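The questions below go with the model shown here. Each answer works towards a value or a name.

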Amino acid sequence: MTLSSLVRSNADQILKSFGAKQNHRRPVDIETTAKSLGAEIVYKPMLCDGCLEEIARNRYLIKVNEKSNRLRQRFTIAHETAHIMLKLANRSGTLSSVEESFSEAVTLNNRSGEEEICNFVAASLLVPSQIAKQLSDWKSFSIEKIAKASRDWQVSISVLLWHVLTLARYEWGFMWFASSTKPEDPTDIGMKLSWGVFPRSSQIRIPKQAWLYASGHSPIDIAGNEERFYWKVKFDFDGLNGFRAIRVKAFGKGKEKKVLVVIYPKEFRPESMQSSRRLRQAILLQEK
Ligand SMILES: [Zn+2]
């Protein structure tokens with residue numbers, strides 16, 4: 001069995017194959033997992049989130065930025081643990097097959113380099129793939145469920161969503177918007193794209209500059225803190241032109257408000273959905 005198929009089916013099995021400890025209790029005790037692979041963990045002031053040092057053969061030091069928030073620290077430990085796992089795989093002569101199987105099995109945006117693999121393995125270590133897979137079914141998908149699972153498993157919503165959409169069928173994406181004043185009118189506050197990703201697509205290019213635009217509505221009204229589903233929303237940017245269904249939910253208040261938009265795959269057929277709203281052309285992403 002290849003490492004990628006193990007990751008996709010069950011991250012626990014990979015760890016077991018390296019003699020590491022992992023449990024199903026949530027949140028995952030990622031520090032114990034790292035230690036069982038020969039890592040020591042230190043928290044210190046740093047300019048980055050963290051790094052890995054090999055202090056002796058098969059003895060590692062994971063340095064973690066003491067100022068990062070706890071979710072970020074947990075992800076850093078998981079990411080560096082994934083590097084240790086790849087080093088172990090390299091020493092046992094299976095690394096090239098690991099990389100090959102990753103590029104075949106999971107289209108990680110055509111970037112199946114070590115950092116991408118480690119991010120994917122890290123997410124799998126923090127949230128078992130079976131859980132992520134359950135969350136990836138579009139009939140039952142909701143941002144609320146993702147948010148709850150991210151609290152239960154102590155990972156950020158973005159890390160969990162990335163993991164979920166990587167394992168989902170077809171090509172989904174998500175985007176975060178944050179409030180910002182418009183350059184042409186400083187009194188006009190809009191929701192500006194901060195970042196987004198379509199984990200399974202290399203065709204869709206997220207614009208560098210985009211605003212959440214809703215004709216006849218304020219984007220803030222569209223994106224209430226209560227989650228909403230819209231089945232027909234127009235997109236207009238490179239690789240994604242036409243209509244898609246979306247879910248939208250805002251987090252936070254006032255200037256701190258962030259809006260999460262999850263874009264369904266084009267294969268999605270919303271007929272079976274109840275209480276869905278039609279918002280044709282009301283939200284348009286404009287590249288400036
Ligand atoms: Zn790394």
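Q: How buried or exposed is His 79 in relative accessible area?
A: The structure is a predicted model, and the value is computed from its atoms. The cut-off for a buried residue is under 20% relative accessible area. His 79 falls below that cut-off and is buried, at 8%.

Q: Which protein atoms are the donors of the zinc ion, and how far from it do they lie?
A: Two histidines take part through NE2, namely His 79 and His 83. Glu 115 is listed twice, each time with an OE atom. The distances from these donors to the zinc ion run from 2.1 to 2.7 Å.

Q: What spacing do the donors of the zinc ion follow along the chain, and which helices hold His 79 and Glu 115?
A: Along the chain, the spacing of the donors is H-x3-H-x31-E. Because His 79 and Glu 115 are 36 residues apart in sequence, the pair ties together separate parts of the chain. His 79 belongs to helix 4 (residues 70-91), and Glu 115 to helix 6 (residues 114-126).

Q: Why is the arrangement around the zinc ion what it is, and what is it called?
A: Tetrahedral donors would have an ideal angle of 109.5 degrees. To count as tetrahedral, four donors need all angles between 85 and 135 degrees. Here the 4 donor atoms subtend angles of 51 to 129°, so the arrangement is irregular.

Q: Is Glu 115 buried, partly exposed or exposed?
A: Partly exposed residues lie between the 20% and 50% cut-offs. The relative accessibility of Glu 115 is 45%, so the residue is partly exposed.

Q: Where do the buried residues of helix 8 lie around its axis?
A: The buried residues of helix 8 (residues 143-153) are Ile 143, Ile 146, Ala 147, Ala 149, Ser 150 and Trp 153. Viewed down the helix axis, they fall within an arc of 165°, so they line one face of the helix.

Q: Which elements cover the buried residues of helix 8?
A: Two of the covering elements, helix 4 and helix 6, also hold the zinc donors His 79 and Glu 115. The cover also includes helix 7 (129-135), helix 9 (157-167), strand 8 (240-251) and strand 9 (258-263).

Q: Which residue follows helix 8, and what is its phi?
A: Most residues other than glycine have a negative phi. The residue after helix 8 is Gln 154, placed in the loop between helix 8 and helix 9. Gln 154 is partly exposed at 29% relative accessibility. Its phi is positive, near 55°.

Q: Where is Asn 58, and what is its phi?
A: Asn 58 sits in the loop between strand 2 (50-56) and strand 3 (59-65). Its relative accessible area is 34%, so Asn 58 is partly exposed. Its phi is positive, near 60°.

Q: How do strand 4 and strand 5 pair, and what is the bridge partner of Ser 180?
A: Strand 4 (residues 173-182) and strand 5 (residues 185-197) are antiparallel, with 9 bridges. A hairpin of 2 residues joins them. In strand 5, the partner of Ser 180 is Gly 190.

Q: What phi does Gly 239 take in the hairpin of strand 7 and strand 8?
A: Strand 7 (residues 228-237) pairs with strand 8 in the antiparallel sense over 8 bridges. Tyr 230 has Ile 246 of strand 8 as a bridge partner. The hairpin has 2 residues between the strands, and Gly 239 there has a positive phi near 90°.

Methods: Residues numbered from 1 in each chain as written. Predicted model: local features only at pLDDT ≥ 70, side-chain atom pairs only at ≥ 80, totals over all residues. Heavy atoms only, no water. Donors = N, O, S within 2.8 Å, 3.2 Å for Na, K, Ca; no water. Tetrahedral: all angles 85-135°; square planar, octahedral: opposite > 155°, others 65-115°. Helix = DSSP H or I, 4+ residues; strand = E, 2+ residues; numbered from the N terminus. Buried < 20%, exposed > 50% of the residue type's maximum accessible area, 1.4 Å probe, protein only. Arc of directions from axis to C-beta. Contact = heavy atoms within 4.5 Å. Pairing = 2+ DSSP bridges.
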